[in-house]
Structures are given as C-alpha cells and as structure tokens.
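The following note is offered to a colleague who is new to this structure. Its points concern aromatic rings, strands and cysteines, and they are best read with the model in view.

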Amino acid sequence: MLHHGDNLEVLTALAPELRGKVALCYLDPPFGTGRDFGAFDDRWEGGRAGLLAFLGPRLALFRELLTPDGSILVHLDHRVAHQVAVLLDDLFGPGDRDPSGGPGFRNELVWSYGLGGSSPRYYPRKHDTILWYTRGARWHFDPPMIPARSVRMRGELKKQPDVWDVPSINNQAKERNGYPTQKPLALLEPLVRAHSRPGELVLDPFCGSGTTLVAAVRAGRRALGVDRSEEALAIARKRLEAEASDISCPG
C-alpha cells in the first residue's frame, strides 16, 4: 500500500489499525545536506535542530506502531547520526549501550558504499550509518550469512558483521530508476529478511522510489510506504506493479 502525504499525518490517521502490527520500520529520512534534489528539498529551516524537531514526533509514533518484538532501522549520515542516536536512546531505551540490556539500541551498522567524490580537506566520506533499535527486550532477528574469509572457516558461512560493503548504484546500472537518493536492493533485501518474518508488515515512512517496499514484496512480506513526493510515489508504484498485482494507493 502506498500513501501520498506527510507521514506524521498519514500514520497518525492509520495508527488505530496499525498500532502494534509493524514488524520492521526502515526509514531513510532527509539528511539535511542543503541540496534541492528536485523530488525533495533536503534543506531545513533551523538546520540540524530543525531536522531533529521534525524527526522527534515521527520516531515516537513509529515506535508505537511496532510489534512487541519489532525493530526500527534509521538510515543517516555523519551530519546528524550522533544526535538522532541520542534521541532514539531517549525514546526506545539504551539497550545494549547499558550492561543490563533491555529495550532500545542493538547495533550501529556501517554501510560502506565506495562510490562518490572526495576532498583534499578530509578523508573521503564513503559510508552511511544505520541505527538499529528494538521496541522490546526480546526481538526477532534472523542474521544474514556471508561466506567466511578465514582459512579456518573456509567453505563455511558466518554472520554478517556490522560493516556492510555494498556498492551504491552507479548511473549505468539496470537497477537505477532516476530517483536521486535511491538505495540498492542488495542493501535492503538482507535487512528486510533479517528483521521481519514472511507475511509480516514492513513500513517505510520516507519510501522514496520504493526500494524497501520492493525488497519486502520479494521476501514475501506486506509493504506500506508513505512519501510527500508524487514523483517518488509514481516510481515506487511502477516498480511494485512489476513485482505484484495487489497494489493499493488510497491517497
């Protein structure tokens, strides 16, 4: 299902039927880069403080929509990841930052993507951060497995560690759909499978061109996306129609 509009308004209206039913909420919100991408304007009045004020009530709402063993993955970069982590600690709990564990923080994933420019003034910035928090002290997790590299474990599989080396989508790639901040399915598909079960609901409240939703449908999950950009939703709908026939766009 795709919804056009502000995710706080849309999901507040849907909250009575969604509360406690979202297994995974993945969000890739605006980073505050100061750029106008056409499909959306990534500039914030009030700078980082404005972005945090924008995210706060939304993150609180997304938490209420999660199942008791559900997870939220918040995709950010160096600009605000540290401040959003503090906000998430307050909303969800410190989790594994505290010796006692409990609800809240589980991992800080590093997506190392390689492509992009560099500067003579600092080390090339080639990664984003994905913060993983859980609503409860018990959570669903089916870790992705990758081939082991050590001689001792040759031919065996091991758990994917917290640094993910997944190339970003180059301009000539078949997967490229024209959306300016499109993320690769090679990143989203393992995340969806790790943090939800078949048949469960995956929510992307900043769904953009629909990569999370496509990954969810391919994995046999139900998908709900929200975005303010009609351009983004048109791309997402086209991609989803290629994957499944039962696509609903109520607003």
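1. In this predicted model, arginine 106 lies over the face of tryptophan 139, at 3.9 Å from the ring centre. Another arginine, arginine 97, lies over the face of phenylalanine 105, with 3.8 Å to the ring centre.

2. Aromatic pairs deserve attention next. A search of the whole structure gives five of them. One of these is the edge-to-face pair of phenylalanine 105 and tyrosine 133, with 5.6 Å from centre to centre and 70° between the planes. Phenylalanine 105 belongs to strand S6 (residues 104-112) and tyrosine 133 to strand S7 (residues 127-134), so this pair ties together parts that are 28 residues apart in sequence. Phenylalanine 105 and tyrosine 133 are both buried.

3. A further pair consists of tryptophan 132 and phenylalanine 141. The ring centres are 5.0 Å apart and the planes stand at 40°, so the pair is tilted; the angle falls between the cut-offs of 30 degrees for stacked and 60 for edge-to-face. Tryptophan 132 is buried, with a relative accessible area of 4%, whereas phenylalanine 141 is partly exposed, at 36%.

4. Which residues form one aromatic cluster? The members are Phe92, Phe105 and Tyr133.

5. The strand arrangement gives the setting for these rings. S6 and S7 run antiparallel and are joined by eight bridges; within S7, tyrosine 133 is the residue that stands opposite phenylalanine 105. Strand S5 (residues 66-76) also runs antiparallel to S7, and six bridges join the two. Here histidine 75 has isoleucine 130 of S7 as its bridge partner.

6. Is S7 largely enclosed or open? Seven of its eight residues are buried, so S7 is largely enclosed by the rest of the structure.

7. The last point concerns the cysteines. The structure holds zero disulfides. Cysteine 25 is in no disulfide, and the nearest cysteine sulfur, that of cysteine 207, is 12 Å away. A disulfide needs the two sulfur atoms within 2.5 Å, so these two cysteines do not qualify. Cysteine 25 is buried, with a relative accessible area of 1%, and cysteine 207 also counts as buried, at 4% relative accessibility.

Conventions: Residues numbered from 1 in each chain as written. Predicted model: local features only at pLDDT ≥ 70, side-chain atom pairs only at ≥ 80, totals over all residues. Heavy atoms only, no water. Phe/Tyr/Trp six-rings, centres within 6.5 Å; stacked < 30°, edge-to-face > 60°. Helix = DSSP H or I, 4+ residues; strand = E, 2+ residues; numbered from the N terminus. Buried < 20%, exposed > 50% of the residue type's maximum accessible area, 1.4 Å probe, protein only. Lys NZ or Arg CZ within 6 Å of the ring centre and 35° of its normal. Pairing = 2+ DSSP bridges.
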